[in-house]
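Subject: A structure for you to look at

Hello,

Here is the structure I promised to pass on. Please open it beside this email, and I will walk you through what turned up.

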Amino acid sequence: MGTTVTIGLRDEPQRQAQVAHQLDVVTGGGLLIAGSTGTGKTTALRSLAYALAEQNPPDELQLYCLDFGSRGLAALW
C-alpha cells in the first residue's frame, strides 16, 4: 500500500525554493487540519483522499469520512 502522499508545497526561503511536502499517513503520527469556516479544510481532506485513492487499489484502502457541516465530503461517498 502506498502510504506517502504529497499534501502541498513547503516554502524554503533560504534556498529560494518550494518543495513538495509529503506525509506518511501510516507512520507519520497523524494529521490535524484546523481552521475557521472557509479556510480550505474540506478541500485539504478531499485532496488527501483523492491522492490516497490514486495510489491504492480499493481493496487495500478504507477511508472514514465524517462531515458535520457543509457536506463537502459527500463526493467521496
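Which residue in S2 does Val5 stand opposite? Its partner across the strands is Leu23. I will come back to Val5 below, after the general layout.

Please keep in mind that this is a predicted model.

**Overall layout**

The protein contains one helix and two strands, arranged along the sequence as β-β-α. Its C-alpha atoms fill a box of roughly 40 × 35 × 20 Å along the principal axes. Of its 77 residues, 18% count as buried. If you take the contacts between residues at least 6 apart in sequence, 33% of them join residues at least 24 apart.

**The hairpin**

S1 covers residues 4-12, and S2 covers residues 17-24. The two strands run antiparallel and are joined by eight bridges. Besides the pair that I opened with, Asp11 in this hairpin stands opposite Gln18 in S2. Four residues lie between the strands, and Gln16 takes a positive phi near 50 degrees. You may want to look at that backbone first when you open the file.

Just beyond S2, in the loop that leads to H1, you will find Val26. Is Val26 buried or exposed? With a relative accessibility of 56%, Val26 counts as exposed, because the cut-off for that class is over 50%. Val26 is 22 residues from Thr4 in sequence, yet their C-alpha atoms are 8.2 Å apart in space.

**The helix**

H1 runs over residues 41-55, which makes 15 residues. At 1.5 Å a residue, its expected span is 21 Å; the C-alpha atoms at its ends are 22 Å apart, so the two values agree. The buried residues of H1 are Leu48, Ala49, Ala51 and Leu52. Viewed down the helix axis, these buried residues fall within an arc of 160 degrees, so they line one face of H1. As general background, an α-helix has 3.6 residues a turn, so residues three or four places apart point the same way. What do the buried residues of H1 pack against? They pack against strand S1.

Leu52 is a good residue to select in your viewer. At 7% relative accessibility it counts as buried, since the limit is under 20%. Leu52 and Gln22 are 30 residues apart along the chain, and 12 Å separates their C-alpha atoms.

**The nonpolar core**

Which residues make up the largest nonpolar core? There are five: Val5, Leu48, Ala51, Leu52 and Leu61. H1 gives the most to this core, with three residues. In soluble globular proteins, nonpolar side chains tend to be buried together.

This brings me back to Val5. Setting aside neighbours within four places in sequence, Val5 is in contact with His21, Gln22, Leu23, Val25, Leu48, Ala51, Leu52 and Gln55. Leu48, Ala51 and Leu52, which are among these contacts, are also members of the core.

**The salt bridges**

How many salt bridges does a search of the whole structure find? There are two, and Glu12 takes part in both the bridge to Arg10 and the bridge to Arg15. The closest N and O atoms are 3.2 Å apart for Arg10 and Glu12, and 2.5 Å apart for Arg15 and Glu12. Together, Arg10, Glu12 and Arg15 are linked in a network of salt bridges.

The three residues fall into these accessibility classes:

- Glu12, at 17% relative accessibility, counts as buried.
- Arg10, at 36%, counts as partly exposed.
- Arg15, at 56%, counts as exposed.

Glu12 itself lies in strand S1. Leaving out residues up to four places away in sequence, Glu12 touches Ala17 and Val19.

That is the tour. Happy browsing, and do write back with any questions.

Best wishes

Methods. Residues numbered from 1 in each chain as written. Predicted model: local features only at pLDDT ≥ 70, side-chain atom pairs only at ≥ 80, totals over all residues. Heavy atoms only, no water. Expected span 1.5 Å × (residues − 1). Buried < 20%, exposed > 50% of the residue type's maximum accessible area, 1.4 Å probe, protein only. Arc of directions from axis to C-beta. Contact = heavy atoms within 4.5 Å. Core = buried A, V, L, I, M, F, W, Y, C linked by side-chain atoms within 4.5 Å. Salt bridge = Lys/Arg side-chain N within 4 Å of Asp/Glu carboxyl O. Pairing = 2+ DSSP bridges.
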